[in-house]
Structures are given as C-alpha cells and as structure tokens.
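Please walk me through this protein structure. Keep the sentences short, and stop at the places worth a look.

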Amino acid sequence: MTRSPPDLGVGRTYAGESLSERTARRRQQFLDAGLQVFGTTGYRTATVRQLCKQAGLTDRYFYESFASTEDLLVAVYEREFDHLQQVVMAALVGDAAQDDPTAPIEVALNALFEMASEPRVARVCWLEVLGVSARVDGVYTRTIERFAALVVAFARQRFAAVDVAEAEARMLGIALIGAVSQPVTHWLLGGYREDRATMVAATSRVFRGVILAFSG
C-alpha cells in the first residue's frame, strides 16, 4: 500500500484545531478503531484498510501515528490495561473498611471484572496480545510484572506480613494476577455465563487465602 505524504500544515489551524490537536484526535480515532476491530474480529485478520474504514480516515493518517498494525495493537493494549490498572488501584486505596482490611480487595476485583465485562477490552487485554511476536510478548510480560509489583506493594503496606524473599514475593504477585487472568479468559470465552458477583466472590477467596497464609 502506497503511503501518502504527511500533513505539512505546520502551525495551521483548521476549524479551531491546531496541527498537534488534529494529530492527537486522529490517533485517538485509530485507537478506538483498533479496540473495535481487534476486540471483535481479532488482530490477526485486521488490515490497515479495515482500520482506516472503522476510523473514518485514510492510510495517510494511519501511518502518521503507527508504523504497523502491531504498533496499533500495542498502543490499544497499553491504553486499555493502563486504564484497568488505574481503576483497580484506585479501588484498592479508596475507602478501606476498618473492621475488614481485606474488603478493598473485593472492591478492586469488582472494578476489574466490571471492565472485563466489556468483551472488546477483555479480548484485547487477555487474548489478542498473546503469541503475536517477541516484541508484543515482551510488552505483555512487562505490563503484568508492573501490575504484580503494585499488588505486592499494596499488600506489604496494608498487611503485616511475614518476611518473604523478594523473588518469592515477585512470583506471588504474578500468581495473583494469573488467578484473575484465567477466570477472565474463561468468562469471556464462555460467553459470560457466570454473573460478575460469582467471579468476584471466587477470585477474592484466592486473594484472601494468600493474605491469611502470609500475614503475621
């Protein structure tokens, strides 16, 4: 596919938008298009033409922000997972019940499963990024490790825990992320048969069990 030349309207304002604002808006349109296409028909069958049609833009503007569909997949994944992480961490540090210090965990899990109940988000974050390339695998692994580290840091701050070696704590955090990721994947592929309350109740038992095992 022949790429059109970039927008050369440096400093020009059209319809009240500067060049940088137009570029940012078009990027957002492609991110939204990526979520729709990757989250429904999937990444592996997606084409630039299909993404442009969904965004209502031309390939000229696609290549303005992304070098390939893989670049767009990574950007969509990072946007959605960053949002998910922010929602979960906000729930964890929100109103903590004094009588039950583990209560924020259920609140956070409810927030996570509420986001995962959007099939497009669940598909992009838990299915479409797997096995694409070594580069995307690296993005996925680093994202999970960062999220796991935040969970461990929260647990250490909130609960008086026995001394756990750093390597074990790191793996424990990743295991807890896995205790959520697999149920989300099953939930998505199973057509959301179980209600969200069931998903939250089941996974919160895992988290509470780990906390009881490692609290002093």
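The whole structure holds zero disulfides. The model is a predicted one. Two of its cysteines still deserve a look. C52 is buried, at a relative accessible area of 7%. C125 is buried too, with a relative accessibility of 0%. A residue counts as buried when its relative accessible area is under 20%, so C52, at 7%, falls on the buried side of that cut-off.

Stay with C52 for a moment. Its place is in helix 2, which covers residues 48-55. What does C52 touch, once residues up to four places away in sequence are set aside? The partners are F30, L57, T58, D59 and F62. F62 sits 10 residues away from C52 along the chain. In space, the C-alpha atoms of C52 and F62 are separated by 7.0 Å.

Now step back to the overall plan. The protein has nine helices and zero strands. Read from the N terminus, the order of elements is α-α-α-α-α-α-α-α-α. The chain counts 216 residues, and 42% of them are buried. How much of the contact network joins residues 24 or more positions apart? Among contacts with a separation of 6 or more, the share is 71%. The accessible surface comes to about 11500 Å². Carbon and sulfur atoms account for 55% of that surface.

Helix 3 comes next, at residues 59-65. Y61 belongs to this helix. Is Y61 buried or exposed? Y61 is buried, with a relative accessible area of 19%. The cut-off for buried is under 20%, so Y61 at 19% still qualifies. Leaving out residues up to four places away in sequence, Y61 touches R26 and F30. F30 is also on the list of residues touched by C52. T23 lies 38 residues from Y61 in sequence. Their C-alpha atoms are 8.3 Å apart.

Move on to helix 7, which spans residues 134-158. T143 is found there. T143 is buried, with a relative accessible area of 4%. Which residues does T143 contact, apart from neighbours within four places in sequence? They are Y77 and F81.

F81 leads to the next stop, since it is one of the residues that line the largest cavity. A search of the whole structure finds one cavity of 30 Å³ or more. The largest cavity holds about 50 Å³ of space. Its lining is made of F81, L112, W126, I144, F147, I177, V180 and S181. What kinds of residue are these? Seven are nonpolar, one is polar and none is charged. Helix 7 and helix 8, the latter at residues 166-189, each supply at least two lining residues. Helix 8 gives the largest share, with three.

Past helix 8, the chain enters a loop that leads to helix 9, and Y192 sits in that loop. What stands out about the phi of Y192? The angle is near 60 degrees, a positive value in a residue other than glycine. Most residues other than glycine have a negative phi. Y192 is partly exposed, at 21% relative accessibility. The buried class ends at 20%, so Y192 at 21% falls outside that class.

The last helix to visit is helix 9, at residues 196-214. Two of its residues illustrate contrasting surroundings: S204 is buried, with a relative accessible area of 4%, whereas R208 is partly exposed, at 24%. S204 lies in helix 9, and R208 does as well.

Both residues have a partner far off in sequence. S204 and E106 are 98 residues apart along the chain. Their C-alpha atoms are 5.9 Å apart in space. Beyond neighbours within four places in sequence, S204 is in contact with E106 and L109. How far apart are R208 and I105? In sequence the gap is 103 residues. From C-alpha to C-alpha it is 8.2 Å.

Methods
Residues numbered from 1 in each chain as written. Predicted model: local features only at pLDDT ≥ 70, side-chain atom pairs only at ≥ 80, totals over all residues. Heavy atoms only, no water. Helix = DSSP H or I, 4+ residues; strand = E, 2+ residues; numbered from the N terminus. Buried < 20%, exposed > 50% of the residue type's maximum accessible area, 1.4 Å probe, protein only. Contact = heavy atoms within 4.5 Å. Areas by Shrake-Rupley, 256 points an atom, 1.4 Å probe, with all protein chains shown as cover. 1 Å grid on protein atoms, 1.4 Å probe; cavity = no way out; pocket = protein on both sides within 12 Å on 5 of 7 lines; lining within 4 Å. Points joined across faces, edges and corners; volume = space filled by probe spheres on them. Nonpolar A, V, L, I, M, F, W, Y, C, P; charged D, E, K, R; others polar. Disulfide = S-S within 2.5 Å.
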